[in-house]
Amino acid sequence: MKLSVGIVGLPNVGKSTLFNALMKKQVANVANYPFCTIEPNIGVIEVPDKRLPVLAKVVNTQKIIPAAIEFYDIAGLVKGASKGEGLGNKFLSHIREVSVIVHVVRLFEDGDVIHVANKVDPKDDMETIENELLIADLETLNKQIEPKGNVSREETETFKIIKFIRERMNQGIPARNISLAHLDIHAPKHERTEMINHLNLLTLKPVIYVFNVSEKQLENPDETLKSIKNSLNQLKSAKTDSNYLYLNAKLETEVLTFSEEEQKEYLKQFNLEETGLNRLIKKAYETLGLISFLTAGEKEVRAWTIQKGNLAPEAAGVIHSDFEKHFIKANVIQFDDFVKYGGWHKAHELGKVQIVGKDHVMKEGEVVEFKVGV
């Protein structure tokens, strides 16, 4: 499963600094990820997973392949981007392709780093970007024509959804915050959003706000969180449970040059257990409702990305499309038990391996062997 994240933000908020820090975490051998066309503004970053080296020791392999996530540094976002200002058109085409938006917001004060509006105002900055996305989406919705003549119920109901969303978006509400549950149509509630997926609305994508803070703000988490929550509360398009985190983009780059032990010591002074980059990657995973299952053999250990709730055949299909079609069964064991019993052989002997069929719902951290009739 391809997971792509678009980093957006106004100029001089630390967007490129954050992206450059992520690039230092780039997967060394990107050839393992054939879906990725490497361009200067795209990085294939590994999803942190401490379980993989542990598994590698158990099965005695040197080859570890982590799950991967694509980060796009999306340039050209300024006021008027929806009208083509800056690199607006390029920005819009890139952001339509991503799964989740990371919105970098400047919270730090620095006289040497000029703000595009000559003042640090997180709420205004967030609104500027949100408005550009809203305007672009409204242009898309306004191009939709009401179906006439002999049309299907689905076409009629799809246009009802479009009209309803357009009305709400004209009030400044992004598509992701618009509930379709009470709309008087026959389509099941869980399918209604999918009916407009073909429009690829920008404001339907989930957003993670990343507040770029100073070192001083990092040392004062209570004040920093208060400031962040205040900014989000003022933003009418944000929800009270909005996804956010804060970090110092410049420090993130520096921390990557330290050893793992040095990183821990350094982060401890800010009461942090892990780097902001790791927290961001995990947050993107959670936001999209993704989990990892693991495979472990002498050739390699590997983490695979699937949607929460996927069944065993769907998980097998992530490894190879034929595996889903020809799925027979799977051997499944939780990571902790796999390590405890020293691998497949002993776990099988002790009856700790679960043999599951097509209706098995995959769980986070399961180590799996698929049996397929290919």
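**Exercise 1. Where is the place of Asn271?** Describe its backbone and its exposure as well.

Solution. The model is a predicted one.
Step 1: locate the residue. Asn271 sits in the loop between H9 and H10.
Step 2: read the backbone. Asn271 is not a glycine, yet its phi is positive, at about 60°.
Step 3: classify the exposure. The relative accessible area of Asn271 is 67%. Exposed means over 50%, so Asn271 is exposed.

**Exercise 2. Describe Asn200 in the manner of Exercise 1.**

Solution.
Step 1: the location. Asn200 is in the loop between helix H5 (153–169) and strand S6 (207–212).
Step 2: the backbone. Phi of Asn200 is near 55°, which is positive in a residue other than glycine.
Step 3: the exposure. Asn200 has a relative accessible area of 28%. Values between the 20% and 50% limits count as partly exposed, so Asn200 belongs in that class.

**Exercise 3. Take two residues of the annotated binding site, Gly14 and Thr17, and set out the surroundings of each.**

Solution.
Step 1: the record. The "binding site" annotation in the unreviewed UniProt entry covers Asn12, Val13, Gly14, Lys15, Ser16 and Thr17.
Step 2: the elements. Gly14 falls in the loop between strand S1 (4–8) and helix H1 (15–23), while Thr17 is in helix H1.
Step 3: the exposure. Gly14 has a relative accessible area of 15% and is therefore buried, the limit being under 20%. Thr17, at 34% relative accessibility, is partly exposed.
Step 4: the contacts. With residues up to four places away in sequence left out, Gly14 touches Val104, Asn212 and Ala249. With neighbours within four places left out, Thr17 is in contact with Ala249, Lys250 and Thr253. Ala249 thus appears in both lists.

**Exercise 4. Which residues of helix H2 are buried, and what covers them?**

Solution.
Step 1: list the residues. In H2 (residues 51–59), the buried residues are Arg51, Leu52, Leu55, Ala56 and Val59.
Step 2: look at their directions. They span an arc of only 135° around the axis, so they lie on the same side of H2.
Step 3: recall the helix geometry. An α-helix has 3.6 residues a turn, so residues three or four places apart point the same way.
Step 4: find the cover. The elements over the buried residues of H2 include strand S3 (64–65), strand S8 (290–296), strand S9 (301–307), helix H13 (335–340) and strand S12 (366–372).
Step 5: follow the chain onward. Just after H2, Asn60 takes a positive phi of about 60°.

**Exercise 5. Which residues of H1 meet which residues of H10, and how do the two helices cross?**

Solution.
Step 1: the axes. The axes of H1 and helix H10 (residues 276–287) come within 11 Å and cross at roughly 90°.
Step 2: name the arrangement. Angles of 65 to 115 degrees count as roughly perpendicular, so H1 and H10 are roughly perpendicular to each other.
Step 3: the residues. From H1, Leu18, Ala21 and Leu22 meet Leu277, Leu280 and Ile281 of H10.
Step 4: the classes. The contact of H1 with H10 has 6 nonpolar, no polar and no charged residues.

**Exercise 6. How far apart in space are Thr257 and Lys24, and Ala136 and Leu202?**

Solution.
Step 1: place Thr257. It lies in the loop between helix H8 (249–255) and helix H9 (260–268). Thr257 is exposed, with a relative accessible area of 62%.
Step 2: the distance from Lys24. Thr257 and Lys24 are 233 residues apart in sequence, and 9.3 Å apart from C-alpha to C-alpha.
Step 3: place Ala136. Helix H4 (residues 122–142) holds Ala136, which is buried at 3% relative accessibility.
Step 4: the distance from Leu202. Ala136 and Leu202 are 66 residues apart along the chain, and their C-alpha atoms are separated by 7.8 Å.
Step 5: the chain as a whole. Among contacts with a separation of 6 or more in the protein chain, 70% come from residues 24 or more positions apart.

**Exercise 7. Is Ser231 buried or exposed, and which residues is it in contact with?**

Solution.
Step 1: the element. Ser231 lies in helix H7 (residues 221–234).
Step 2: the exposure. At 7% relative accessibility, Ser231 is buried.
Step 3: the contacts. Ser231 is in contact with Pro122, Lys123 and Met126, leaving aside neighbours within four places in sequence.
Step 4: the wider count. Of the 374 residues in the protein chain, 48% are buried.

Technical notes
Residues numbered from 1 in each chain as written. Predicted model: local features only at pLDDT ≥ 70, side-chain atom pairs only at ≥ 80, totals over all residues. Heavy atoms only, no water. UniProt positions renumbered as here; feature names shortened; annotations may be inferred. Helix = DSSP H or I, 4+ residues; strand = E, 2+ residues; numbered from the N terminus. Buried < 20%, exposed > 50% of the residue type's maximum accessible area, 1.4 Å probe, protein only. Contact = heavy atoms within 4.5 Å. Arc of directions from axis to C-beta. Axes fitted to C-alpha atoms, helices over the stretch in contact; angles between N-to-C directions. Parallel < 35°, antiparallel > 145°, perpendicular 65-115°, else oblique. Nonpolar A, V, L, I, M, F, W, Y, C, P; charged D, E, K, R; others polar.
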